[in-house]
Amino acid sequence: MTGVRNLGILAHVDAGKTTVTERILYVTGTTHKRGEVHDGTTVTDFDSQERDRGITIFAAAVSCAWDGHRINLIDTPGHVDFSDEVARSLRVLDGAIAVFDAVAGVEPQSESVWRQADRYGVPRIAFVNKLDRAGADLDSAVESIRQRLHPAPLVVQLPIGVEDGFTGVVDLLRMRALVWADGRDTAEEGPVPEALREEARRRRRLLEEAVAELHPVALEEFCAESTVSAQTLAGALRDLTRTGDGVVVLCGSAYRNRGIEPLLDAVSAYLPSPLDVPAVRGTWDDAEQERAADPQAPFAALAFKVNATATGRLTYLRVYSGTIRKGETVWDSGTRRTERIGRILRVQADRHAQLDQAVAGDIVAVVGLKSARAGSTLCAPGAPLVLEPPVTADPVVSVAVEARTSTETGRLVSALARLVEEDPSLVVRTDPETGQTVLSGMGELHLEVAVEKIRRSQGLDVRVGRPQVAYRETVVRGVAGLVYRHVKQDGGAGQFAHVVLDVEPLESAVAGAARDDGGGGSTDDSTDGSTDSSVGSATGFEFRSDVVGGRVPQEYVRAVEAGCRDALAEGPLGGHPVVGLRVVLTDGATHPKDSSELAFRTAGRLALREALRAAAMVLLEPVVEVTVTASDDTVGGVLGDLAARRGRVSGSTARAGAVLVTATVPLAELFGYATRLRSRTQGRGVFTTRPAGYAPAPGPAPGGTPAR
């Protein structure tokens, strides 16, 4: 397993992730022809919608070999609407390549996926791509990494040539030049060009100093010898990458196939194998357990993706420990039922190679599982374990969907169920008032892709309503001393519960509603972001008991809290979830016979509902930070349109004949913005977005209290 690397490609949309993946497959000999995004010939973007739109929508797994290492690679989406797909992939990866545009540097979705990788503790190396573009600047890109992502960037290469004249790199560790001549797919190694020798020595010195500041062995050698050897540097870079204290930065042009071989060498040298990462932790019967990456240990794997294909249901697994063979039986610890492994497949995007077994460290797909979902733990029947599943964000945009004819309604229900099975960030529900089927997701494009998938795969003619955003409600002025007595007597044992509640706003509720792992960007086809102010989250709701003298026993206090959480599902303004409040149980009373946990839970729910009706409430709407790039002569129209959409401009920056305008805009006002922006800018304007949390919606609160 020391020769296995499980890694993902992370980046903002259009930074070149898929092209990097395609060149890796080509250089390693896995493919014999370069796939191009603009031609629709890539291996990983095999879905028809991906090829039509020119973007990655679904995470695709491929496998290749380099220098004796088996590399399992996942090409992840770069669009904000599919950030949950990125999170599910990161949950099972040991390392990642973060790709940055040499002109734009760190972009909104670059920042978001970086934070997601931080959350899952995934070591990364950086690849600054597109150095052959006009305006490309490695130093500016590295500085944006330092300023916006806050790691210690450790640049190990120096470009040879600029923009269209970019031909190769100087390897600062071995002080050699790697040049890719036109028409050649492999690099020619040679001495550092005379014109770059002084600059190369200067940058090597800067690298030594930066590494010595972070690594004790390198520091000791630097102090003793006034230099650091290439061998010591390589070892220190490996340690710093795996601890996250430093990020190795390489550069190149994936489109021109320049810089890919050194990138693969860096993957092998610096990113960890399954044996280098900590043992996976899980629980069973409230006891924490560890499983080492040992083929002889009890089997444990996490399902992170489900895909329904024409040949059957594929479940993608990361095997953390043990060995699994086709035909064996495994235990789904979530559903507590056994499943049989029909076939084991090595995945190559939409093609598969059969395997007899999979061992610890492998990423494979299996056929035959009927109930496993993304996030399910599969383990040996005699050694049960539950692994932490990937976090799924709350959807923020909804549309009503229905079949054109009543005879197709059943097929639509089945198609929607399959969609939700494949993508846990999609939610399907029936509106209790209208009876409509409502599909909710992470953005306009997310829902558009989902509906189009139904149309293409099932041949259904689906009607779609106008998108709706996910509002929240919060308290701006609370109530104190609300008394509620729940008494019910209908024969036999009755119900009695007496509670006194204080309800007050949480000051950080609105700010805390923003997700730090959503974010994202789009070019000119759709926008929005995701936010998380889920009921009962740390930033959305707090409960405390100040009851003294044992007037309310502890088990009833917990029941009151559970009842309050039940009441948060629907607020008084419009039935939206309630966030941002603190509830304090100050007093209460019990009955020796009729009090019970059920009675106090009911009292807590009804008391909080009454308190919310009496409190001053405000409606919260999701807002996003929008960055619009437009030419100087069209920026006035862009600003006017943002103002008409209730946008608040926070800044503007001039860059190479264009203006970057940053504004905070309500998500509901951005539906259809891509078309409007194209009209305002003669088709030249583009925009990106990332979540900015929730903000009060305009309008008075109940009782005439202005929303503040």
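Here are two exercises on helix α15 in this predicted model.

**Exercise 1.** Work out how helices α15 and α16 are oriented relative to each other, and which residues make their contact.

*Solution.*
- Start with what you need: two packed helices are described by the angle between their axes and the distance between the axes.
- Now look up the pair. Residues 635–644 form α15 and residues 673–680 form α16; they pack at about 150 degrees, with axes 9 Å apart.
- Angles over 145 degrees count as roughly antiparallel, so α15 is roughly antiparallel to α16.
- Check the handedness too: α15 and α16 make a right-handed crossing.
- Next, find who touches whom. From α15 you get G637, V638, D641 and L642, and they meet Y673, R676, L677 and R680 of α16.
- Finally, sort these contact residues by type: four are nonpolar, three are charged and one is polar.

**Exercise 2.** Which residues of α15 are buried, which are exposed, and what do the buried ones pack against?

*Solution.*
- Pick out the buried residues of α15 first: V635, V638, D641 and L642.
- See how they're spread around the axis. Their arc is only 125 degrees, so they sit on the same side of α15.
- Flip to the other side of α15, and you'll find G636, A643 and A644 exposed.
- Go back to the buried residues and look at their partners: they pack against strands β36 (616–631) and β38 (658–666), as well as against α16.
- One last stop, just past the helix: α15 is followed by R646, which has a positive phi near 65 degrees.

Conventions. Residues numbered from 1 in each chain as written. Predicted model: local features only at pLDDT ≥ 70, side-chain atom pairs only at ≥ 80, totals over all residues. Heavy atoms only, no water. Axes fitted to C-alpha atoms, helices over the stretch in contact; angles between N-to-C directions. Helix = DSSP H or I, 4+ residues; strand = E, 2+ residues; numbered from the N terminus. Parallel < 35°, antiparallel > 145°, perpendicular 65-115°, else oblique. Left-handed = near helix turned anticlockwise from the far one by under 90°. Contact = heavy atoms within 4.5 Å. Nonpolar A, V, L, I, M, F, W, Y, C, P; charged D, E, K, R; others polar. Buried < 20%, exposed > 50% of the residue type's maximum accessible area, 1.4 Å probe, protein only. Arc of directions from axis to C-beta.
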